[in-house]
Amino acid sequence: MNTALHPKRFYDYNTFLHEKFGGKVYKICLDAGFTCPNRDGKRGVGGCIYCNNASFSPGARLADTPIHEQIAAGMAVGRNRFKAEKFIAYFQAFTNTYAPLERLRELYSQVLVYPEVVGLAIGTRPDAVDTDKIALLAELAQNKFVSLEYGVQSMHDATLAWIRRGHTYGDFVAAMDWTRGRGIHVCAHVMLGFPCETRAGMVCLADEMTRVGIAAIKIHNLIVTRDTPLAQIYAQEPFPLFAYDEYVELVCDFLEHLSPVIVVERLCATTPDEYLIAPRWHKSPGQLSQDVSKCLLARNSYQGRLAYSQ
Ligand code: SF4
């Protein structure tokens with residue numbers, strides 16, 4: 001992608017979807033009833049300190065609703081509200097590779113039988129895959145688009161320990177080694193704004209994501225959400241969170257270091273107002289996207305301008 005000529009100055013997700021599928025694609029969020037190894041005791045019990053999974057898709061804990069009903073409801077929304085005729089089935093809630101292989105095959109195959117479903121997106125943790133699961137996804141990717149979304153969050157093990165993530169950065173590197181070159185579109189979820197990291201350290205993460213060869217990224221700012229350990233820490237000892245304008249500048253710095261071939265699926269975290277403690281910017285993701293583009297333009301810059309090249 002020539003991001004210097006792109007009107008947004010970065011490789012946004014809509015551009016990618018149009019290039020890849022030739023039209024509007026609506027992502028249907030699914031809840032297949034998974035749990036998470038960082039909650040059920042395998043890796044930890046309390047979850048990551050910022051995790052309030054209900055806030056990720058409030059009102060949408062649909063684990064008891066059969067998948068085909070969730071797909072039908074999602075297609076109706078996509079068609080009526082967004083005029084979409086193509087869909088990506090997004091296994092979003094909790095850790096969506098955390099089950100025996102045959103259960104995963106059955107589940108993923110159920111949604112791929114719909115001709116309108118052009119692909120799968122699967123949210124997971126790097127320590128919840130193995131070579132057999134990656135082989136299954138590589139097999140499915142021969143016929144349909146498969147995006148595997150790894151929660152990475154940080155490249156610093158001290159940060160990962162602070163947020164009680166239950167895995168190391170090395171776990172992600174190992175997962176990438178199994179996944180790279182298998183026809184699977186890898187999307188990394190990262191978080192900017194941990195109080196134990198410097199701004200320069202956050203920008204280094206863009207260099208590292210370029211180096212490991214991801215295909216897409218979701219960037220989240222650290223937010224403090226109600227009913228989480230992070231909320232308790234913040235109440236006892238408030239730490240600085242990015243103001244909106246600072247965050248716009250940071251995202252631009254980050255994008256300048258990110259390879260222009262990496263699709264930027266998200267620029268910030270979102271959570272419903274009733275769950276959000278801080279920061280309260282009152283800005284939509286669309287507004288942030290516009291402001292990031294304006295800032296890159298004002299710098300006469302673009303995604304990848306300072307990216308590491310191999
Ligand atoms: S890995 Fe995801 S679902 Fe599990 S505790 Fe962390 S944020 Fe929550």
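Gln153 is tucked away in this predicted model: its relative accessible area is just 6%, so it counts as buried, the cut-off being under 20%. The residue belongs to strand β4, and its backbone is a bit unusual, with phi near 70°, a positive value in a residue other than glycine. Lys83 shows a positive phi too, of about 55°, and is likewise not a glycine. Its setting is another matter: Lys83 sits in the loop between α3 and β2 (86–91), and with a relative accessibility of 59% it counts as exposed.

Stepping back to the whole chain, the secondary structure adds up to 11 helices and 9 strands. The radius of gyration is 19 Å, close to the 19 Å that the globule rule gives for 310 residues, so the chain is as compact as a globular protein of that length. Along the principal axes, the C-alpha atoms fill a box of roughly 45 × 45 × 40 Å. Of the 310 residues, 55% are buried. Contacts reach well along the sequence: taking those between residues at least 6 apart, 82% join residues at least 24 apart. On the outside, the accessible surface comes to about 13600 Å², and carbon and sulfur atoms account for 53% of that. As for charge, there are 32 positive and 32 negative charges, and their mean positions lie 4 Å apart.

Aromatic rings come next. What describes a pair of them? The distance of the centres and the angle of the planes do the job. A search of the whole structure turns up 13 aromatic pairs. In one of them, Phe16 and Phe145, the ring centres are 5.9 Å apart and the planes meet at 50°, so the pair is tilted. Phe16 comes from helix α1 (residues 13–21) and Phe145 from strand β4 (residues 145–153), so this pair ties together parts that are 129 residues apart in sequence. Both of these phenylalanines are buried. Tyr26 and Phe82 make another aromatic pair, this one stacked, at 5.2 Å centre to centre with 20° between the planes. Here too, distant parts of the chain are linked: Tyr26 is in strand β1 (residues 25–30) and Phe82 in helix α3 (residues 67–82), 56 residues apart. Phe82 is partly exposed, its relative accessible area being 38%. Ring pairs also join Tyr13, Phe16, Phe21 and Phe145 into a cluster.

Strand β9 is worth a look for its backbone as well as its packing. Ala278 has its place in this strand and is buried, at 7% relative accessible area. A cis peptide bond, with omega about -5°, joins Ala278 to Pro279, and Pro279 falls in the loop between β9 and α11 (285–298). Leaving out residues up to four places away in sequence, Ala278 touches Ile223, Val224, Tyr234 and Leu241. Its C-alpha atom is separated by 29 Å from that of Ala121, which is 157 residues away along the chain. Helix α9 (residues 229–236) packs into this area as well: its buried residues lie against α6 (157–162), β7 (224–225) and β9 (276–278). Pro229, Leu230 and Ala231 are buried in that helix.

Pro279 turns up again among the contacts of Asn221. Which residues does Asn221 contact, leaving aside its neighbours within four places in sequence? They are Met191, Leu192, Tyr247, Cys268, Ala269, Pro279 and Trp281. Asn221 itself lies in strand β6 (residues 216–221), and a relative accessible area of 4% makes it buried.

Finally, there is Arg9, in the segment before α1. Is this arginine buried or exposed? With a relative accessible area of 13%, Arg9 is buried. Not counting residues up to four places away in sequence, it touches Thr3, Ala4, Ser293, Leu296, Leu297, Asn300, Ser301, Tyr302 and Gln303. Arg9 and Pro260 are 251 residues apart along the chain, yet their C-alpha atoms are separated by 9.5 Å.

How values were computed. Residues are numbered from 1 along each chain as its sequence is written. This is a predicted model: local features need pLDDT of at least 70, side-chain atom pairs count only at pLDDT 80 or more; totals for chains, interfaces and linings use all residues. Side-chain values use heavy atoms; hydrogens and water are left out. Helices (H or I, at least four residues) and strands (E, at least two) are DSSP runs, numbered from the N terminus. Buried means under 20% relative accessible area, exposed over 50%, partly exposed in between (1.4 Å probe, protein chains only). Contact means heavy atoms within 4.5 Å. The radius of gyration is taken over C-alpha atoms; the globule rule is 2.2 Å times the number of residues to the power 0.38. Accessible areas come from the Shrake-Rupley method with a 1.4 Å probe; for residues, only the protein chains shown count as cover. Lys and Arg count as positive and Asp and Glu as negative; His and the chain ends are not counted. The place of a charge is taken as NZ of Lys, CZ of Arg, CG of Asp or CD of Glu. Rings of Phe, Tyr and Trp (its six-membered ring) pair if their centres lie within 6.5 Å; planes under 30 degrees apart count as stacked, over 60 as edge-to-face and the rest as tilted.
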